[in-house]
Amino acid sequence: MQSGRSQSMVGRIDTRGKHRIQAELKRLDQEARFLEEELEHLEKMEKASTACKEMLSKVESTPDPLLPITNGPLNLTWDRWFEGPQESQGCKCWIL
Amino acid sequence: MSVAELKERHAAAIEAVNDLRERLKQRRQQLLDADGHKLHSFSLLYYLAGYARSLGRSQVTFGPTDLVCCRTLQGHTGKVYSLDWTPERDRIVSASQDGRLIVWNAQTSQKTHAIKLPCAWVMTCAFSPTGQSVACGGLDGMCSIFNLNSATDRDGNLPVSVTLNGHKGYVSCCQYVPDEDIHIITSSGDQTCVLWDITTGLRTTVFGGEFQSGHTADVLSVSINGTNSRVFVSGSCDGTARLWDTRVASRAMRTFQGHEGDVNTLKFFPDGNRFGTGSDDGTCRLFDIRNGHQLQVYYQQHGDKEVPLVTSIAFSISGRLLFAGYSNGDCYVWDTLLARVVLNLGSVKNSHENRISCLGLSADGSSLCTGSWDTNLKIWAFGGHRKVI
């Protein structure tokens, strides 16, 4: 009887311990998932930052006639839109 | 499972978590740029802008008389739906609801050709690389080619030289493959894109459709890579953009998700490694073709008002500026690096009086042409003082 009672006590302790470990495992698995997601995000950021670096370099080294501040060389033909007849109405003939 | 087995798993899980923590720590330390600036964890939505700002870049600023309208091309009697520049010599072809194509000399504003179309419901037009032909397509499901040097018929109309027949839906967009007048790519409401051989009038390749994987809704636009003409992108009502290699019909090389509405327009970035899109969801986005990244979203809040749709986009020749036309008449000039609107061509002097439906840069990037539902086209150029660095 004594041993029977202690056996069931051990059984109960065992079950409680098991539940604790299972809960802990579940928490650890969840944490691993979060960490993996973050790693993936960082990997994406790494690749994206290389892409951004390259884009910045490309954009800032190309002369652009529409920018107020731009790399040279300038091309005089860029200003051809402001030479010659300046009328903003242009040809007015209508299609019949 | 026994307690002993559970304890084993527990120990293994602790090891796995510690390993992941260590890898993360190392990764974070590696994520520095060339100058040693630590990159903050920006949302990928605003990544490029965050990066540029962290490097101290300041946004483009225009004075009030910098970007001006220097020509208004009048002549269409209906909404302008599409326009395209020649690769040289400042000529433009435009397509309108009035059922005509007009070819303009943008410098002198004169019309060199006014082409009455067999089908009035035109949606798109394109200039051939040599400038000798123009193409158009629309609700008739066909792409018609006109040789600008051919003689007009008895009624004074330019005859169709070639008809490209085969789509099972409307032709939404067409673009010639650069460097030769032989190949053209069309997009269609039948969910496919097609590469055509103009000399035979036959389809060389069909991308998507019922026998292969591709878009799952109407395709609204195409853009061919300027540095590698075997590559093109297409935008669709299925909300995606897809990257294609003309040698591979069976499937797209890559699918770009992100938009929450029809992708109405897309254009390759000048260097061909990225492309921009514009959508019914009111945003423009920038994607990198090599890794599929969405580098930036361009969106301005409008409060409680309805979000205007993006109808058309174009990049300036360096890629620093993104021009975007919207359904409410706005034409935002975005600083692509900092994702800020630096000018609205829809609210300056001499702006259009209705929605801007199409826009395009001249070949040397010195001017922007906009086409509008107000029946006009306008040419914009930089008339201010330039600072050279």
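In this predicted model, β4(B) and β5(B) make a hairpin, with four residues sitting between the two strands. The pairing of β4 (residues 100–105) and β5 (residues 110–116) of chain B is antiparallel and runs over six bridges. One of the partnerships is that of B:Asn105 with B:Gln110 in β5(B). The turn holds a residue worth a look, B:Ser109, which is found in the loop between β4 and β5 of chain B. Its phi is positive, about 70°, although B:Ser109 is not a glycine. As background, most residues other than glycine have a negative phi. B:Ser109 is also buried, because its relative accessibility is 2% and the cut-off for burial is under 20%.

A second non-glycine residue with a positive phi turns up elsewhere in chain B. B:Thr375 has a phi of about 80°, and its place is the loop between β27 (367–372) and β28 (377–382) of chain B. With a relative accessibility of 19%, B:Thr375 counts as buried, since the limit is under 20%. A positive phi, near 80°, also belongs to B:Gly56, which follows α2(B).

As for α2(B) itself, this helix covers residues 47–54 of chain B, and six of its eight residues are buried, so the rest of the structure largely encloses it. The buried set consists of B:Tyr47, B:Leu48, B:Ala49, B:Gly50, B:Tyr51 and B:Ala52.

Now to where the two chains meet. On the chain A side, 62 residues are in contact with 86 residues of chain B. Between them, chain A and chain B bury an area of about 6,700 Å², and carbon and sulfur atoms give 66% of that. There is a polar side to the interface too: seven salt bridges are found across it by the rule used here. The side chains of A:Arg80 and B:Asp364, for instance, meet in a salt bridge, with N to O at 2.8 Å. Counting polar contacts between chain A and chain B gives 17 residue pairs, with both residues at pLDDT 80 or more. Two elements of chain A, α1 (2–60) and β1 (69–70), each supply at least two residues of the side that touches chain B. Of the elements on that side, α1(A) gives the most, with 32 residues. Sorted by class, the side of chain A that touches chain B comes out at 30 nonpolar, 11 polar and 21 charged residues.

The strand β1(A) does something further across the interface. It is joined by two bridges to strand β29 of chain B (residues 387–388), and the two strands run parallel. Within this pairing, A:Thr70 has B:Val388 of β29(B) as its bridge partner. The segment after β1 of chain A is where A:Pro73 is placed. The peptide bond between A:Gly72 and A:Pro73 is cis, with omega about 0°. For context, most peptide bonds are trans.

Another residue that connects with chain A is B:Arg274, in strand β19 of chain B (residues 274–279). B:Arg274 counts as buried, because its relative accessibility is 0%. Setting aside neighbours within four places in sequence, the contacts of B:Arg274 on chain A are A:Ala51, A:Glu54 and A:Met55. On chain B, again leaving out those neighbours, B:Arg274 is in contact with B:Phe268, B:Phe269, B:Leu286, B:Phe287, B:Asp288, B:Ile289, B:Arg290 and B:Leu295. One of these, B:Arg290, is 16 residues from B:Arg274 in sequence, and the C-alpha atoms of the two are 8.1 Å apart in space. The side chain of B:Arg274 also makes a polar contact, at 2.6 Å, with the side chain of B:Asp271.

Lastly, B:Thr205 belongs to strand β13 of chain B (residues 202–207). Its relative accessible area is 13%, so B:Thr205 is buried. Beyond its neighbours within four places in sequence, B:Thr205 is in contact with B:Cys193, B:Val194, B:Leu195, B:Thr246 and B:Ala249.

Note on methods: Residues are numbered from 1 along each chain as its sequence is written. Chains are lettered from A and ligands numbered from 1 in the order in which they are written. Side-chain values use heavy atoms; hydrogens and water are left out. Contact means heavy atoms within 4.5 Å. Buried area is the accessible area (1.4 Å probe) that two parts lose on being put together, summed over both. A salt bridge is a side-chain nitrogen of Lys or Arg within 4 Å of a carboxyl oxygen of Asp or Glu. A polar contact is a pair of N or O atoms within 3.5 Å; within protein, one must be able to donate a hydrogen and the other to accept it, and residues adjacent in sequence count only if both atoms are side-chain atoms. Ala, Val, Leu, Ile, Met, Phe, Trp, Tyr, Cys and Pro count as nonpolar, Asp, Glu, Lys and Arg as charged, and the others, Gly among them, as polar. Two strands pair if DSSP finds at least two bridges between them. Buried means under 20% relative accessible area, exposed over 50%, partly exposed in between (1.4 Å probe, protein chains only).
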